[in-house]
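The following exercises ask the reader to work through a protein structure step by step. Each task is followed by a worked solution.

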Amino acid sequence: MVAPVAALRVVRCGGSSLHGARAVFSTDSKYLLCASGDFVKMYSVATEETLRVMGGHADLVTGIQLNPHNHMQLYSSSLDGSIKLWDFMDGIPIKTFAVGSKLLALYALASFEDSVFVVIPKGGERDTFQLVSVKLTKAAGQDLEAKELSVVLDGVDASPKCIAFGREGEYVASVKEVNLQVYFFKQKQLNRFSVSAGKTKSGNNRFTCVACHPTEDCIATGHADGKIRLWRNFCHKKEYTFSTLHWHHDTVMDLAFSVEGTCLLSGGVESVLVLWRNESNCQKDFLPRLGSAIEYISMASDGALCCTLHTDNRITIVNSNLRFAKSIQGLIKTANVKTGLVVDPRTKALVLNGEPGHLQFYCLQSDQQLFSLDIVQRQYIHQAGLNQADLVKVAFSAQGKWLATVEEREEVTDPELQLKLWFYDEETQSFKLNTRINMPHEDHITDMCFRDMDELEDDSLILVTTGRDRVFKVWAMVEDTDPEAQQSVSWSCDFVGSYHNYQATNCCFSEDGSLLAVSFEETVTVWDSVTWDLKCTFCHPPGKIRNICFGRLTCSKYLIGATDYGFLCCWNLLSCALEWSAHLNVVVLQPDPLSEHIAAVSWLSKESSLFVFKPNEPRPIYIQRNICREKIQLAAFVPRDEPETIGSEKYLWLRRSQLFFLTDAQELMTLSMKSLQERLTPSSKQLAVEENLPMTPFSLLLGKHRRQQSQENIDLGKIIVCNKREQDSPAVKELLHTPAHVLPSASFLCPVFIDSLLISKENKSAEEVADEVEMESERTEDDSDEEGDVTEMEQEDTSPVELLGEMTYKLSKSQEKELRRIRKTDYSWISAF
Amino acid sequence: MGEFEVHRVRFFGLVPAGPRGGRLALARTDGAVEIYNFAANYFQEKVIPGNEARSVEALCWAAGDRLFGAGLGGEITEYDLSRLCVARSVDGGGGPIWSMAANSSGTQLAIGCEDGSVKLFQIVPGGIQFERNLDRRKGRILCLSWHPLDTHIAAGSIDILRVFHVSSGQTVQRIMVNYHVHKVKRECIVWSIAFLSSGTVVTSDSFGRVQFWDWERGTLLESHTVSTSAVLSLSVSEKEDSIVVGTSTGATYQFQLLPVKIGSLEKRWVRTKPFQHHTHDVRAVAHSSTALISGGLDAQLVIRPLMEKMQKKGYEAALRKFTFPHRRLVSCARKARLLLFQFSQHLELWRLGSTNETGKDGEVLPLCRMPEHLVQLKSKGPEHIYCSCVSPCGSWVAYSTASRFHLYQVQYEGDSVSVKKVPKVPKLLLPAYQLQFSADSDSLFIASARGSVHVLQLLEPGGCKHLHTLQPPSGCPEAVYLLAVSADGHWLAAVSGDWAIHIYNLKCFKHHCTVPTYNCAVTALAIHPITNNLVIAYSDQQLFEFSIPEKQYTAWSRTVQNHGLHKLWLERDSPITHITFNPKNPSHILLHDIYMFCVLDKSLPLPDNSALLMNQSTLKQLPETARQRQLHAFKICKKFQPLLFADLLDENCLVMVERPIMDFKTQLPLPIQQKKFGT
């Protein structure tokens, strides 16, 4: 039942930068729309869930705005030069307007009937931008040209925060460097103001953002020195005036007026949301500890909510009374992922640096942060230029019972290091600090690993750290003799090894844990993990060793190393000889824990390529050149919950685990075989929309009634169960709930529809097994068992289902087979309906 | 070169003032009243020295140019601005007076007293007359304001403000000011009040609020909290579209009445510009049509121009700060090398130190004899000293207060100094405004009221004789405030308050001539010892040279006028306070103001606007030939700041009197403690 083998596609699955533009609340404040990389994401305000991801732009989305004339529609602009109009409730693109040049910001105003404003680069000049109004033609058709541009302001800043439109679109204010420009549309008058240039004693006077009062002629500007200026009377060139509000100690990142205009919200690097009342310096309220610097502030149109976008991709939703309401956080962005991508064996979550000093556990399935573990346990001060302790290394033991972390504070002379060992407490379901070792090494720790032995006893667990102080250390558990200690074990150093006074750079245990490989600059040394004898050394000059790893399963006799000079080497541990080597500038070397495959990502001439190989043969199994634009920083294999069926032998390596990459821009990507259409079918998301109905007394009453009904239904038997299943099918649901005028063509919907009629146990029918040669026999048995169960249930289903007509009517197994055969061959006949 | 410090101690807190007709009157906490003339580059035109017994809490202009003051002594005082003394004072009859306001037509004065009464006085020619009391309640009246139509008076007290109907004298509104603050135990003091023609009453109070009230309904219209400490002073512009307030943290804020939207009639008061020019309480603010004026306990008067009212950038558009008086308070006995310092109530005579060493330019030489404090003369009574002088030979010291004139003979016998008061000083019309000894120390010139100058002959041992009184031929109502005598004792120049310079011949005690009038105040003048040219510095920074024998401006003076002075020179802040000459080089004129000392070399060309005015440091780096080309007439030295006095002792010895601003600040009370971020 595998569709004709599609090429592997690189799919973004989270983490991409949320700060393309200010977020937008839907008119009813139920949904929050955010630009996220090339996509527009829709979140539910009530449940924090991602309801919809709208893709279609070919580059970063730079601006989103509700259509002022139809609040169910959304305009989005992108660097790819197009403006798209979406029906965001259904996630359907309605129109695409091609503008032609890069769009850097988008503004839509109610007072301008059929045009929107965008910021585009000025033709021929670098780093100069202009604000233009684009006339959106009303012509029919999906893809339209919008070439009717008229320049409103010249010399504007590229940032969308540097332009704001005044009350009822009377004027537009733009700031750049130390200049403020105000253009009045009716009077066609342009006023320019400037603040004193140059660095004053209080700091940099530069403008950073601008906001306009919704009902009065008042412009608020934020400055790099933390001041907020409120400009009034700016219709006069001379008699303008401003007052100053000052609380922020660093750059004001964004400003927003409340809907009534009585309050002003400001945010900056301090991660405190400040509410200024009545434009007074003395009446202000704060919402502190928002976690990281505030990048954008946006208000809901009814004023009940406000949301802040943070530099680490967190979205915070705040009540109108300045109370923290919700936080939407996917992959937290950090300045530098020093820990690498680690998979928590217990939760299968990706683990990496989160908030400063924290470890984030990121759930790949739900694109949500599971939790954040405070490792450093020190107050983080939001100020630029401070050296603060940060997490640099993390390692899990095989079952996730132990967690080792290394934190350090960058000092030029001597770094402050701490090695911490955490024990997973089953009771509290969290990690508890077991041992803290100050200065485990004299210098930076370069690598760390646990001996990965699933079946071995707990006391055989050892940890190896390598340091720039030219030694590697082995840490082992010892019984705690201190009677006052609450724990029975603690960690201490067991062995210190070194090799020719070289810096130790990497370490790795073989699969069975008997051998430890430690790389010392240009040399790889292999040690016996019981006696700590040096077994052998490998060297492939020139170039220092960048990465090493052991092969697994059938290839466990191989040791792979990547060097600085662009060589990938494979040594045979039995013969102690170089098996093969390849010229490849490998930046990431990642073995799959569940198979023999090893993924290597190379960076050559500004493109990242992926190579997957088995150590026993020098020829790669799979090569994908230029998998993404950015440089890939890290990669990790995440084991799948259940192995996927893979049609092509080429992609067999993806069967048991999935490969994830983290790029420079901290976008998390993965390789997927599913077609675009399948991925974009919003599974279960539509449901979420419906379930998010507000809790009104009526809905409560209705809910009670419904519950009673369902109670009865359960009593009645299993009939309903199956019925429900069909209704629950997302495709059908979508088909039934999408307004007819936005439905795609019937031929497009047909396969989905038919799919939904089939009980969604794809790939498990008998023919399937026959088709697929590689299918393991064990699994087929399982499948057929399940199949039996399903058919049983099917037969009990007697209630006719509306709309589905006779097609659902008791599908016998033979009928089903027939249907599938038809579907595989030709289904264009349905389009005739 | 001797360098010295004046230990002049004065607490200058400034007290209410108000501009009237281009003149600003301000009172200091020591009772002194100063008049600044806006037209003459904010020159401190007149000073009425203070009096210990007379504090001034309120000042107001009324009935034309009559200036009234009232204070905690309970008296209303009228000042005689031509004679620079108190004209008359009337007891208010209600205990200490906290506030005073004149109505818009200038016919009535209202005072607010300690006992809670508001009293009205009629201003009549030659004095004031008690008219009646308004409704009296308990609680001192701290501030008063008339409605522009003179129908109502608003009065601020502790916790409340009241509005009186003038003709009936009844309280028509009483508003609790602290009603809107929750759980406040402290009392709320209404420090300042203003009644706008729209019927809005503006108050500033000790909670740091500026509030706008509708007096008829007694409701709060707007409240702006500008500071965590008290807002002490408030002033409204004439158009009633701008308000300036001063707080006890030294900050001043401007409020502006701005339209909410373009073209809409709805207007709102918006706090706009904050200024922090003071370190201490801003006790007084005034709003002129083009500038905000504030005076504080740190003894500074700050004039901050409103840029939007300025037509062009220039002298008017610069921020001015006045810390030091525009008067000479130091006199120097050149031959005896003595300095006399004038304090508000005493004089100090110091002998300069000396050194035997020589050194390079810029080097500090070790002293072989320390400066010596010879005599301190204390004036009796509460009155402050008007003027003082020491004779060039150092044996005579004279000073004058409002009611007395004293002449002392100082005798030096080795290290001991004896001071002998000269008996039987002729009874003259007092006070004396300026004293000047002749170069040979045998006569004393006393500047007096009505443009007259008395000449006293000094007799050995310890006597004096009134020789003559010089008077301008046409008469003059104003007092003489500056004198200059020629080195040969032949000529005397006198400047009176109407800025006319009269020159007298001392040989025959006759009026010689009058310098053509120039429409600006004279700040300093001196007669050249060799050429007998009179050099005059005006408050608009112009310089003139007038040949006394020829009764006309000299050729150089005409060149200066034709060529014009350098722009930077004209835009300087402070007036020239003293002029002296270098006898070795007759073409040199030595001038100084508070921030610079200048040697003006008449033989060199005048600088163009394009040339660098302060070019001394660049000249030093140039080679000799290039230096010659770059030279111009103004040689300015800014090393000594703030410079109170500079004089040439002999050919190569200069005395400079500095008063470091820090010394001065340490004498002030502690400012309000404020938490500053990052400290």
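**Exercise 1. A salt bridge between neighbours**

Task: Determine whether A:Arg167 is buried or exposed, and do likewise for A:Glu168.

Solution. The model is a predicted one.
Step 1. A:Arg167 has a relative accessibility of 7%. The cut-off for buried is under 20%, and A:Arg167 therefore counts as buried.
Step 2. A:Glu168 has a relative accessibility of 55%. Exposed means over 50%, so A:Glu168 counts as exposed.
Step 3. The side chains of A:Arg167 and A:Glu168 meet in a salt bridge, with an N to O distance of 3.9 Å. The cut-off for a salt bridge is 4 Å, and the distance of 3.9 Å lies within it.

**Exercise 2. Salt bridges that link separate parts of a chain**

Task: State which elements hold A:Lys420 and A:Glu407, and where B:Arg572 and B:Asp593 lie.

Solution.
Step 1. A salt bridge of 3.3 Å, N to O, joins the side chains of A:Lys420 and A:Glu407. A:Lys420 belongs to strand β39 (residues 416-425) of chain A, and A:Glu407 to strand β38 (residues 402-409) of chain A. The two residues are 13 residues apart, and the pair links distant parts of the chain. Both A:Lys420 and A:Glu407 are buried.
Step 2. In chain B, B:Arg572 forms a salt bridge with B:Asp593, and their closest N and O atoms are 2.2 Å apart. B:Arg572 is in the loop between α2 (567-570) and β50 (578-581) of chain B, while B:Asp593 is in the loop between β51 (588-592) and β52 (597-601) of chain B; the pair therefore ties together parts that are 21 residues apart in sequence. B:Arg572 and B:Asp593 are buried.
Step 3. Over all chains, the structure holds 34 salt bridges.

**Exercise 3. The interface of the two chains**

Task: Describe how many residues of chain B and chain A are in contact, and which residues of chain B lose the most area to chain A.

Solution.
Step 1. The contact involves 20 residues of chain B and 21 residues of chain A. Between them the chains bury about 1800 Å², and 53% of this area is on carbon and sulfur atoms.
Step 2. On the side of chain B, B:Ile262, B:Arg271 and B:Glu308 lose the most area to chain A, together 31% of what that side buries.
Step 3. Six residue pairs are in polar contact between chain B and chain A, counting pairs with both residues at pLDDT 80 or more. The elements of chain B that give two or more residues to this side are β24 (251-259) and β25 (267-276). The largest share, six residues, comes from β25(B). By class, the side of chain B that touches chain A has 10 nonpolar, five polar and five charged residues.
Step 4. One salt bridge is found across the interface. The side chains of A:Glu216 and B:Arg268 meet in a salt bridge of 2.3 Å, N to O. Salt bridges that share partners join A:Glu216, A:Arg232, A:Glu279 and B:Arg268 into one network.

**Exercise 4. Buried residues in strands**

Task: Identify the strand that holds A:Thr435, the strand that holds A:Ser133 and the strand that holds B:His152, and describe their surroundings.

Solution.
Step 1. A:Thr435 is in strand β40 (residues 430-438) of chain A. Its relative accessibility is 8%, so A:Thr435 counts as buried. The side chain of A:Thr435 reaches the backbone nitrogen of A:Trp491 at 3.2 Å. Beyond neighbours within four places in sequence, the contacts of A:Thr435 include A:Leu419, A:Lys420 and A:Ser490.
Step 2. A:Ser133 is placed in strand β12 (residues 129-135) of chain A. With a relative accessible area of 12%, A:Ser133 is buried. Leaving out residues up to four places away in sequence, A:Ser133 touches several residues, among them A:Val116, A:Phe117 and A:Leu149.
Step 3. B:His152 lies in strand β15 (residues 152-156) of chain B. The relative accessible area of B:His152 is 13%, and B:His152 is buried. A polar contact of 3.0 Å joins the side chains of B:His152 and B:Thr151. Not counting residues up to four places away in sequence, B:His152 touches residues including B:Trp146, B:Phe164 and B:Trp215.

Methods: Residues are numbered from 1 along each chain as its sequence is written. Chains are lettered from A and ligands numbered from 1 in the order in which they are written. This is a predicted model: local features need pLDDT of at least 70, side-chain atom pairs count only at pLDDT 80 or more; totals for chains, interfaces and linings use all residues. Side-chain values use heavy atoms; hydrogens and water are left out. Helices (H or I, at least four residues) and strands (E, at least two) are DSSP runs, numbered from the N terminus. Buried means under 20% relative accessible area, exposed over 50%, partly exposed in between (1.4 Å probe, protein chains only). Contact means heavy atoms within 4.5 Å. A polar contact is a pair of N or O atoms within 3.5 Å; within protein, one must be able to donate a hydrogen and the other to accept it, and residues adjacent in sequence count only if both atoms are side-chain atoms. Buried area is the accessible area (1.4 Å probe) that two parts lose on being put together, summed over both. Ala, Val, Leu, Ile, Met, Phe, Trp, Tyr, Cys and Pro count as nonpolar, Asp, Glu, Lys and Arg as charged, and the others, Gly among them, as polar.
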